[in-house]
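Here is a short tour of a helical model, written for someone who likes to know the cut-offs behind each term. Please keep the structure open as you read.

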Amino acid sequence: MHIFIGFILAGKNELIYLLALLLILDFATGFLKSVIKKVTNSKIAKEGAIKHTSTFVFYYIVTSLSYCVHLESLSSLLLIYILLTYAISIIENLGVMGVPIPKFLENKVKNELKHYDDILNKKED
């Protein structure tokens with residue numbers, strides 16, 4: 001009975017909805033990035049979709065279980081960390097697509113750009 005209540009209460013956690021939104025945005029910006037850089041690959045897209053879906057299911061279950069053992073605040077801290085990670089990933093994707101980004105992320109974006117240039121160079125060889 002406690003697990004059932006946990007699943008219901010996890011659905012009332014706004015951070016879960018924000019996680020779902022960021023996962024969708026990360027997948028979409030990652031896909032757009034691959035289209036713009038001409039390195040789109042259906043296998044990678046499928047793996048990304050599976051990874052993002054699994055991530056959501058995993059954190060939904062963790063959040064549900066945290067309600068069962070009264071550790072909601074610990075679960076929220078974990079979710080906030082994951083949300084920040086996905087937010088940075090979205091910003092990196094936008095930066096690779098040419099959208100201006102904050103200065104502190106420029107090195108990460110330059111590394112991503114180099115990665116895609118390397119992929120393109122391998123295709124040409």
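What follows covers the helices, the nonpolar core and one buried acidic residue.

This is a predicted model, in which local features need pLDDT of at least 70, side-chain atom pairs count only at pLDDT 80 or more, and totals for chains, interfaces and linings use all residues. Residues are numbered from 1 along each chain as its sequence is written, and side-chain values use heavy atoms, with hydrogens and water left out.

**Two helices and their spans**

Helices are DSSP runs (H or I, at least four residues), numbered from the N terminus. The expected span of a helix is 1.5 Å times one less than its number of residues.

| Helix | Residues in helix | Expected span | End-to-end C-alpha distance |
|---|---|---|---|
| α3 | 27 residues | 39 Å | 39 Å |
| α4 | 25 residues | 36 Å | 36 Å |

For α4, the span agrees with the expected value. At the start of α3, a side-chain oxygen of Asn41 comes to within 2.8 Å of the backbone nitrogen of Lys43. Just after α3, His70 has a positive phi of about 60°, and just after α4, Gly98 has a positive phi of about 105°.

**The nonpolar core**

Buried means under 20% relative accessible area, with exposed over 50% and partly exposed in between (1.4 Å probe, protein chains only). A nonpolar core is a set of buried Ala, Val, Leu, Ile, Met, Phe, Trp, Tyr and Cys residues joined through side-chain atoms within 4.5 Å. The largest such core has 11 residues, including Leu15, Leu22, Tyr59, Leu79 and Ile90. The elements giving two or more residues to this core are α2 (14–36) and α4 (72–96). Polar residues are buried along α4 too, among them Ser75, Glu92 and Asn93. In α3, the buried residues include His52, Thr55 and Tyr59.

**Asp26 and its partner**

Which side chain of opposite charge is nearest to the buried Asp26? That is Lys51, 5.3 Å away, and Asp26 has no salt bridge (a side-chain nitrogen of Lys or Arg within 4 Å of a carboxyl oxygen of Asp or Glu). Asp26 lies in helix α2, and its side chain makes a polar contact of 2.6 Å with the side chain of Ser89 (a pair of N or O atoms within 3.5 Å; within protein, one must be able to donate a hydrogen and the other to accept it, and residues adjacent in sequence count only if both atoms are side-chain atoms). Ser89 belongs to helix α4 and is buried, with a relative accessible area of 19%. Leaving aside neighbours within four places in sequence, Asp26 is in contact (heavy atoms within 4.5 Å) with His52, Tyr86, Ser89, Ile90 and Asn93.

Technical notes:
Lys, Arg positive; Asp, Glu negative; His and termini not counted.
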